[in-house]
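Work through these short exercises with the sequence and the model side by side. Try each task before you read its solution.

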Amino acid sequence: MEKRILVIGESCRDVFNYGRCDRLCPDAPVPVFNSLRTVESPGMAMHVMNNVLSLGVDVDIITNADWESVKKSRFIDDKTNQMLLRIDENEENVRPVDMAEVRKRDFGEYGAVIVSDYCKGFLNEEKIQEISKLHDNVFLDTKRLLGNWADDIKYIKINYFEHARTKHLISAEMYEKLIVTLGSEGCMHKGEKFPVSPVEMKDSSGAGDTFIAALTVNFLRKNDINSAITFANECATAVVQKRGVSII
């Protein structure tokens, strides 16, 4: 029987407001937005969790209890799919994870742990380091500068821009576990590039969440990181062809 996955990280509510922009405001050189419809879905760690579920693996989550009050609202022109504005609300209200809740979990029940760290205050380096010592298969997606606090992580996923910020701090040993996503060019691991097929990208929102979920699920099933990266690339490529934050 396939073991469950545990996701740890902060969550939010993703809100996509689609509308028309047919004219400029007479008071200022900004577009006038006429709302047509609104689409909402759980975001960040909850989005990772839902991607794991969609891939057929049972999952538990430790996240901020007030996640529905933490909101990312995007205003998008319905015709062009151009994002005009994003408004983030209540990130300052995210409370730190209760490590007592983490420690009381039976980590032997899980095949892997995904730490989705969006740097909103739910986790810090010390807590991530402690989590990494509780299980052999901890997968980390983070925006932090890397350091020896991540030495016990199994694999670390960061994007190209995050890699540029932190590469001077990465040891040779850490490069062995690093997966750098490159957007439309795929990703890089241990000096090898894993390309993706060219597609029409409609929205990259949440693609990183899909990638880390698919990477972990496939590694859990096949125990081969190259296969897992290829599968994660395929899943992320599929979701960027859809509007909004999509689930594979």
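**Exercise 1. Find the strand that holds Gly 43, then say whether Gly 43 is buried or exposed.**

Solution. Step one: Gly 43 sits in strand S3, residues 34–44. Strands (E, at least two residues) and helices (H or I, at least four) are DSSP runs, numbered from the N terminus. Step two: Gly 43 has a relative accessible area of 0%, so it is buried. Buried means under 20%, exposed over 50%, and partly exposed in between, with a 1.4 Å probe and protein chains only. Step three: look along the chain to Ser 246, 203 residues from Gly 43. The C-alpha atoms of the two are separated by 10.0 Å.

A note on the model: it is predicted, so local features need pLDDT of at least 70 and side-chain atom pairs need 80 or more, while totals for chains, interfaces and linings use all residues. Numbering starts from 1 along each chain as its sequence is written, and side-chain values use heavy atoms, without hydrogens or water.

**Exercise 2. Place Asn 81 and Asn 223, and give the phi of each.**

Solution. Take Asn 81 to begin with. It lies in the loop between S5 and S6. Its phi is positive, about 65 degrees, although it is not a glycine. Asn 81 is buried, because its relative accessible area is 16%. Now take Asn 223. It is found in the loop between H6 and H7. Its phi is near 55 degrees, again a positive value in a residue other than glycine. At 59% relative accessible area, Asn 223 is exposed.

**Exercise 3. Trace the salt bridge of Asp 14 and say which parts of the chain it ties together.**

Solution. Start with the rule: a side-chain nitrogen of Lys or Arg lies within 4 Å of a carboxyl oxygen of Asp or Glu. By this rule there are 19 salt bridges. Asp 14 pairs with Arg 74 at 3.0 Å, N to O. Asp 14 is in strand S2 (residues 11–20) and Arg 74 is in strand S5, so the pair ties together parts 60 residues apart in sequence. Both Asp 14 and Arg 74 are buried.

**Exercise 4. Do the same for Glu 162 and Lys 143.**

Solution. Their side chains meet in a salt bridge of 3.3 Å, N to O. Glu 162 belongs to helix H4 and Lys 143 to the loop between S8 and S9, so this pair ties together parts 19 residues apart in sequence. Check the cover next. Glu 162 is buried, because its relative accessibility is 7%. Lys 143 has 39% and is therefore partly exposed.

**Exercise 5. Describe the lining of the second largest pocket by class.**

Solution. A pocket is an open set of points on a 1 Å grid over the protein atoms alone, where a 1.4 Å probe fits, with protein on both sides within 12 Å along at least five of seven lines. Lining residues have an atom within 4 Å of a point. The lining of this pocket includes Ile 62, Asp 66, Arg 95 and Phe 122. Sort the lining: five residues are nonpolar, two polar and four charged. Ala, Val, Leu, Ile, Met, Phe, Trp, Tyr, Cys and Pro count as nonpolar, Asp, Glu, Lys and Arg as charged, and the others, Gly among them, as polar.
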